[in-house]
Amino acid sequence: APQTSIEQRILLDDPETNLTRLLFLIKGGLHQLLTHLAHRHQALASLILEFRLDKTNPQREIIQPAAPTLDEQLIMRLVHLRLESSPPAAAVREIALDAIGIRAHAEQLALFLEGSSRPLRAANEALAQLKADLGNNAVRKAVLRDAHLPEEQFHWIPFEKLPPSHPRSALKPPLQLIRRIHHQPVTIAPHRQNLRDDGWMLSGLEQGSVIRLHGPFVMSGAWWNLEVQREYAFAETKRGECLWLYYDRQNRRWFIQGAIE
């Protein structure tokens, strides 16, 4: 049967020299290629990698497995070995992947399509074992809700099963900050200086002193219950942490609400 090819192009925002980063990008493109081949009832016979380099000629590599396959891990091992022995001669601006496929056996297609759902089934089986061992409420997830105080803006519900994943593009992942919150706010040493001053030792030497403070951000309310008056701030420490603090006016105490990562 005549061999056909499927192409995938990956444009980089900035020239890339890191081999691990390049392999990560190639893996994402390869997964798309193998999916297209499987839907066409084909397996990969050859993978042509072409790197468009910065200020020099393109570099071309041909990866050929021992037999046509849809095994992504096997192909990535071959790609890894090739790039370790023959890395790009300069920074990479664009990656072109060209998959040459031939007619696949039914067994190969069944393994590929089954493999895509196997990790999800295994994860849900592991969750079921945890719930069987520790109780149905042992596995829960946080969901958002409307509330005034930060610690009240989410609650926990039973987690039934993992949904299918919908990964974002690896070309330019969005920058996301994670705000971790303590189950109970942590009391810290009082701050005797002005909030704009640095050098504050929050809780001993393990975190280091504060080098920069952002705030205050005043929050008040809940007058219908027990009124809350807080002054929030973000503290950057010498160890590179970003802690989420607040001063409780009623208690006249400082607390760590959580951290930003």
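The charged end of Arg-230 sits over the ring of Tyr-246, at 4.3 Å from the ring's centre. That's one spot in a predicted model, whose chain comes to three helices and 11 strands. Of the chain's 261 residues, 34% are buried. Here's a tour, starting with the rings.

**Aromatic rings and the charges over them**

- Tyr-246 has company: ring pairs tie it into a cluster with Tyr-232, Trp-244 and Phe-255.
- A second arginine turns up at this cluster, since Trp-244 is one of its members and Arg-179 lies over the face of Trp-244, 4.4 Å from the ring centre.
- Counting up the aromatic pairs in the structure gives six.
- Take Phe-154 and Trp-156: their ring centres are 6.1 Å apart and their planes stand at 90°, so this pair is edge-to-face.
- Both partners are partly exposed, Phe-154 with a relative accessibility of 23% and Trp-156 with 47%.

**Overall layout**

- Reading from the N terminus, the elements go β-α-β-β-α-β-α-β-β-β-β-β-β-β.
- Look at contacts between residues at least 6 apart in sequence, and 60% of them join residues at least 24 apart.

**Helix 1 and what follows**

- Helix 1 covers residues 19-39, and its 21 residues should span 30 Å at 1.5 Å a residue; the end C-alpha atoms are indeed 30 Å apart.
- At the start of this helix, a side-chain oxygen of Asn-18 comes to within 3.0 Å of the backbone nitrogen of Thr-20.
- Helix 1 has a buried set made up of Leu-22, Leu-23, Leu-25, Ile-26, Gly-29, Leu-30, Leu-33, Leu-34, Leu-37 and Ala-38.
- After helix 1 comes His-41, with a positive phi near 60°.
- His-41 is a residue other than glycine with that positive phi, and its place is in the loop between helix 1 and strand 2.
- As for accessibility, His-41 comes out at 40%, which counts as partly exposed.

**Helix 2, side by side**

- Helix 2 runs over residues 72-85, so 14 residues, and reaches 20 Å from first C-alpha to last, close to the 20 Å expected at 1.5 Å a residue.
- Its buried residues are Glu-72, Ile-75, Met-76, Val-79 and Leu-83; they cover an arc of only 95° around the axis, which puts them on the same side of helix 2.
- Among the elements covering those buried residues are helix 1, strand 2 (42-53) and strand 3 (59-63).
- On the face turned away from the buried side, helix 2 carries the exposed residues Gln-73, Leu-81, Glu-84 and Ser-85.
- One of these exposed residues, Gln-73, also takes part in a contact at the start of the helix: a side-chain oxygen of Asp-71 reaches to within 3.2 Å of the backbone nitrogen of Gln-73.

**Strand 8: a cis proline and an exposed valine**

- Gly-215 and Pro-216 are joined by a cis peptide bond, with omega at about 5°.
- Pro-216 is part of strand 8, which spans residues 210-221 and is also the place of Val-218.
- Is Val-218 buried or exposed? Val-218 has 58% relative accessibility, which counts as exposed.
- Val-218 still touches Arg-230, Glu-231 and Arg-249, leaving aside residues up to four places away in sequence.
- Along the chain Val-218 and Arg-230 are 12 residues apart, and their C-alpha atoms are separated by 5.9 Å.
- That brings us back to the opening arginine: Arg-230 touches Val-218 and has its charged end over the ring of Tyr-246.

**The loop between strands 10 and 11**

- Arg-252 belongs to the loop between strand 10 (242-248) and strand 11 (253-260).
- Phi of Arg-252 is positive, near 55°, in another residue other than glycine.
- Arg-252 is exposed, with a relative accessible area of 67%.

Note on methods: Residues numbered from 1 in each chain as written. Predicted model: local features only at pLDDT ≥ 70, side-chain atom pairs only at ≥ 80, totals over all residues. Heavy atoms only, no water. Phe/Tyr/Trp six-rings, centres within 6.5 Å; stacked < 30°, edge-to-face > 60°. Buried < 20%, exposed > 50% of the residue type's maximum accessible area, 1.4 Å probe, protein only. Lys NZ or Arg CZ within 6 Å of the ring centre and 35° of its normal. Helix = DSSP H or I, 4+ residues; strand = E, 2+ residues; numbered from the N terminus. Expected span 1.5 Å × (residues − 1). Arc of directions from axis to C-beta. Contact = heavy atoms within 4.5 Å. Polar contact = N/O pair within 3.5 Å; in protein donor to acceptor, adjacent residues only side chain to side chain.
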